[in-house]
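This note is addressed to a colleague meeting the structure for the first time. The points below concern aromatic pairs, the nonpolar core and model confidence.

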Amino acid sequence: MSWAWEYAFGAEEAARTAPTAFLTEVERKAAELVRAADVQYLRGRSHVGGDPKGGDITVPGGMFTYQIVVRAERVYVVQITHLGF
């Protein structure tokens with residue numbers, strides 16, 4: 001398995017109605033988080049210990065909340081908020 005990102009919980013449903021430009025920014029930042037996690041956790045599947053704290057990232061048009069699950073080698077986008085700015 002290799003590192004990837006995906007929408008989780010209600011974020012997938014919210015993504016269906018969000019503007020394309022906003023989603024493009026969310027996906028670009030999520031991809032950056034995947035690359036960073038891949039470098040930081042080279043042996044993700046055999047990781048011992050807890051997962052790092054997730055966070056919020058502001059992008060043009062709103063923000064999103066993410067969580068990294070190292071043993072699953074996933075970055076989950078758990079909430080997106082389109083503010084329209």
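**Note on the predicted model**

1. Three aromatic pairs are found when the whole structure is searched; rings of Phe, Tyr and Trp (its six-membered ring) pair if their centres lie within 6.5 Å, with planes under 30 degrees apart counted as stacked, over 60 as edge-to-face and the rest as tilted. Tryptophan 5 and tyrosine 7 form an edge-to-face pair, with 5.1 Å centre to centre and 85° between the planes.

2. This is a predicted model, in which local features need pLDDT of at least 70, side-chain atom pairs count only at pLDDT 80 or more, and totals for chains, interfaces and linings use all residues. Residues are numbered from 1 along each chain as its sequence is written, and side-chain values use heavy atoms, with hydrogens and water left out.

3. Tyrosine 7 counts as buried because its relative accessibility is 16%, whereas tryptophan 5, at 24%, counts as partly exposed (buried is under 20% relative accessible area, exposed over 50%, partly exposed in between; 1.4 Å probe, protein chains only).

4. The largest nonpolar core (buried Ala, Val, Leu, Ile, Met, Phe, Trp, Tyr and Cys residues joined through side-chain atoms within 4.5 Å) has 22 residues, and Tyr7 and Phe64 are among those with the most contacts inside it. Its largest share, seven residues, comes from α2 (helices are DSSP runs of H or I, at least four residues; strands are runs of E, at least two; both are numbered from the N terminus).

5. Mean pLDDT (the predictor's confidence in each residue, from 0 to 100) is 90 for the chain, and 95% of its residues reach 70 or more. Confidence is lowest in α1, at a mean of 89, and highest in β2, at 96.
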